[in-house]
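Student: I've got a model open and I'd like to talk through how it packs. Can we go step by step?

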Amino acid sequence: MRLLILLSCFVFLFNCEDKQSKTKSNTLKTTQVKDSIKKEIDSVKKDTVSKRKYPFLTEENAMDFFLEYEKENPENKVRITTDKGDIDILLYDKTKFHRANFIYLTKIGAFDDTQFHRVVKNFIIQGGNTDDAKVAKRRRDIGHYLLPTDTKRGFTHHRGVISMPSSDIDNPHKLASPFEFFITQQDAFHLDGNYTIFGEVISGLDVVDQINAVQVDEADWPLHNVYIKTVRILE
């Protein structure tokens with residue numbers, strides 16, 4: 001009888017310890033899950049803070065934003081790295097909103113992994129667009145705005161200038177798409193007064209010529225994509 005009682009006590013104690021062990025294990029798992037969730041939330045918060053360092057740009061706030069941004073970001077040289085070579089650009093201080101826009105978009109990588117998507121022989125190469133969904137999403141996160149023309153600074157569309165094309169929307173004032181640009185491969189003075197010149201090629205005109213020489217279809221799209229790998233600030 002005593003043996004039976006002792007055996008019963010042993011089984012009871014074993015069950016209690018097992019339950020305690022499972023409880024501790026479950027508590028540990030719960031704590032680990034909570035810690036994991038907390039880390040994820042913190043990560044998202046940091047991400048959001050990073051993304052919200054600058055405002056979501058709209059027609060209402062873009063110009064005020066660039067007015068302040070250009071004062072604090074005086075850089076005026078960039079390098080466009082393509083799969084044909086490098087094109088170095090000097091951005092004009094006189095067209096301050098367009099310079100600020102290009103510097104801003106360069107610093108946040110908005111031009112990376114885009115293309116020279118339109119090539120008109122003996123005329124221009126146009127870049128900054130792409131059908132890459134990731135780039136499109138990145139740009140939606142930046143904002144939706146257009147830039148007004150700034151054409152009375154004395155600049156002309158001679159060979160090697162960088163200028164802003166108009167947006168494709170109904171656009172009587174020729175407002176410019178902030179994400180696209182074109183470089184003149186030949187003099188194109190008939191464009192003066194309609195499109196904003198905001199810089200010029202200081203190195204790499206041979207690369208502009210190479211891109212202008214690629215084969216294109218009837219819509220001036222290159223038959224083989226000409227990629228803009230990166231655009232970076234030059235010191």
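Student: Which residues have the most contacts inside the largest nonpolar core?

Tutor: Keep in mind that this is a predicted model. Its largest nonpolar core has 38 residues. Those with the most contacts inside that core are Phe66, Ile87, Ile89, Phe102, Phe116, Phe181 and Ile183.

Student: And which helix gives the largest share of this core?

Tutor: The largest share amounts to 5 residues. They come from helix H3, residues 96-107.

Student: Is there a second core, and how many residues does it have?

Tutor: Yes, a separate one, and its members include Val120, Ile124, Ala188 and Leu191. Its size is 6 residues.

Student: Back to H3: how many of its residues are buried?

Tutor: Let's name them: the buried ones are His98, Arg99, Ala100, Asn101, Phe102, Ile103, Tyr104, Leu105 and Thr106. H3 is mostly covered, then, and the count out of its 12 residues is 9.

Student: How far apart are the end C-alpha atoms of H3, and why does that agree with what it should span?

Tutor: The expected span is 1.5 Å times one less than the number of residues. H3 has 12 residues, so it should span 16 Å. That agrees with the model, where the end C-alpha atoms are 16 Å apart.

Student: Which residue with a positive phi follows H3?

Tutor: The phi in question is near 75°. The residue is glycine 109.

Student: Now threonine 184: buried or exposed?

Tutor: Threonine 184 sits in strand E6, residues 181-184. The cut-off for buried is under 20% relative accessible area. Threonine 184 has 0% relative accessibility, so it counts as buried.

Student: Which backbone oxygen lies 2.6 Å from a polar atom of its side chain, I mean that of threonine 184?

Tutor: Start with the contacts of threonine 184, which include Phe123, His157, His158 and Arg159. The oxygen at 2.6 Å from the side-chain polar atom belongs to histidine 158.

Student: What about lysine 121: what is its relative accessible area?

Tutor: Lysine 121 is in the loop between strand E3 (114-120) and strand E4 (124-129). Partly exposed runs between 20% and 50%. Lysine 121 falls in that class because its relative accessible area is 37%.

Student: Which residue's backbone oxygen does the side chain of lysine 121 reach?

Tutor: Lysine 121 touches Asn212, Ala213, Val214, Gln215 and Val216, leaving out residues up to four places away in sequence. Its side chain reaches a backbone oxygen at 3.1 Å, and that oxygen belongs to alanine 213.

Conventions: Residues numbered from 1 in each chain as written. Predicted model: local features only at pLDDT ≥ 70, side-chain atom pairs only at ≥ 80, totals over all residues. Heavy atoms only, no water. Helix = DSSP H or I, 4+ residues; strand = E, 2+ residues; numbered from the N terminus. Buried < 20%, exposed > 50% of the residue type's maximum accessible area, 1.4 Å probe, protein only. Contact = heavy atoms within 4.5 Å. Polar contact = N/O pair within 3.5 Å; in protein donor to acceptor, adjacent residues only side chain to side chain. Core = buried A, V, L, I, M, F, W, Y, C linked by side-chain atoms within 4.5 Å.
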